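Thank you all for coming; I would like to take a few minutes to walk through one chain with you. Please have the sequence and the model open while I talk.

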Amino acid sequence: MKVKVTVCDRIAQVQFDSPPLNLLSNKAKCEIKDLFQSLGADKDVSVILFESTGEHFCCGADLKEFPDRIKNNESEKAWIEGHEMLQAIMNTPQPTIACVHGNALGGGAELASAFDIRLFAHDVIFGYPEITRTVYPGNGGFERLIQLCGKANALYLLLTGERMKASDMLRMGIANKIVERDQLKKEGKKVAELLASYSFTTVKTIKQAMKDYKNAEQFYQKGMDYFSALHQTEHIKESLNAFFEKRKPVYHQKLKD
């Protein structure tokens, strides 16, 4: 197994363990997809925290698999499987956090882009060098990159293949926060614990509302429906009672809520 998971206090800690490069092989993509589909349905998980072992987050695809892909005409299969992996991450009702360090290149950059929150270490080198192999991102990262940083920035990254620093990714909106390498794991856990302390009903509603949003006019009624539904939950009553009683709220956390 290249992907491992432990669950503690409603936080699923996922570890991509295929050093030294953590290449996104066909097997790894399948394991990641299956794991996130399973975690997405797990009623005892409120937050998913993802990290990699070794020096690098993920250095991209396993190029040793490309000759067989070309020989067997399996490019469409690779496209479908890659998109299924990214969608499995993006479709989880739980918030997802990626702790990115070292190289996040090609498929690794695509993988990082799929998460809701992306914490970068200062040493991150990030980029899409696919153009040097005469292709472009095919795991769903092409579309996701445009969502995150707009067409202008996406086009620059995809056409140049330039490897960029964490500070550039923060400026473009791909990284949410930059921390020292030795603080990355601690920061990821801190954010995960914060999210796990909130009402899961509210958290998953925000995720779904964000997914449904296309424009302000289209969202108006749907957003109001979500907003109103939250006012009918036991969680809002508990949060108000906790506020007035000067204590921390205690929520009944279940995926089905």
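Let me begin with a question: in which helix does Phe142 lie? Phe142 belongs to helix H5, which covers residues 141-160, and I should say at once that we are looking at a predicted model. Phe142 is partly exposed, at a relative accessible area of 30%, and together with Trp79, Ile80 and Tyr136 it makes up a nonpolar patch on the surface, the four having about 400 Å² of accessible area together.

Let me turn next to the strands. Strand E1, residues 3-8, and strand E2, residues 11-16, run antiparallel and are joined by six bridges, with Thr6 standing opposite Gln13 in E2. Two residues lie between the strands of this hairpin, and Asp9 there takes a positive phi near 55 degrees. Elsewhere we find an open sheet of three strands, in the order E5-E7-E8 and with mixed pairing, where strand E5 (103-105) and strand E8 (164-165) are the edge strands, each pairing on one side only. Strand E7, residues 125-127, pairs with E8 in the antiparallel sense over two bridges, and in that pairing Ile125 stands opposite Lys165 in E8.

Now to two of the helices. H7 has 14 residues and reaches 20 Å from its first C-alpha to its last, close to the 20 Å expected at 1.5 Å a residue. Its buried residues are Leu184, Glu187, Gly188, Val191, Ala192, Leu195 and Ala196, and in reading such a list it helps to recall that an α-helix has 3.6 residues a turn, so residues three or four places apart point the same way. The cover over the buried residues of H7 includes E2, strand E3 (47-52), strand E4 (96-100), strand E6 (117-121), strand E9 (177-179) and H8. Leu194, which also lies in helix H7, is by contrast partly exposed, with a relative accessible area of 42%; its C-alpha is separated by 9.6 Å from that of Val47, although the two residues are 147 apart along the chain.

Helix H8, residues 200-212, has 13 residues and reaches 18 Å between its first and last C-alpha, close to the 18 Å expected. Among its buried residues are Phe200, Val203, Lys207 and Ala209, and what covers the buried set includes helix H3 (75-90), helix H7 (184-197), helix H9 (216-230) and helix H10 (234-244).

That brings me to the charged pairs, of which there are 13 counted as salt bridges. Which residue meets the side chain of Lys207 in a salt bridge? The partner is Asp116, at 2.9 Å from N to O, and because Asp116 lies in the loop between helix H4 (107-113) and E6 while Lys207 is in helix H8, the pair ties together parts that are 91 residues apart in sequence. Lys207 counts as buried because its relative accessibility is 17%, under the 20% cut-off, whereas Asp116, at 28%, counts as partly exposed.

A further salt bridge joins the side chains of Asp123 and Arg181, at 2.5 Å from N to O; Asp123 lies in the loop between E6 and E7 and Arg181 in the loop between E9 and H7, so this pair links parts 58 residues apart in sequence. Finally, Lys33, Asp34 and Glu84 are linked in a network of salt bridges.

Methods: Residues numbered from 1 in each chain as written. Predicted model: local features only at pLDDT ≥ 70, side-chain atom pairs only at ≥ 80, totals over all residues. Heavy atoms only, no water. Pairing = 2+ DSSP bridges. Helix = DSSP H or I, 4+ residues; strand = E, 2+ residues; numbered from the N terminus. Expected span 1.5 Å × (residues − 1). Buried < 20%, exposed > 50% of the residue type's maximum accessible area, 1.4 Å probe, protein only. Contact = heavy atoms within 4.5 Å. Patch = residues over 30% accessible without salt bridge, like charges linked within 9 Å, V, L, I, M, F, W, Y side chains within 5 Å. Areas by Shrake-Rupley, 256 points an atom, 1.4 Å probe, with all protein chains shown as cover.
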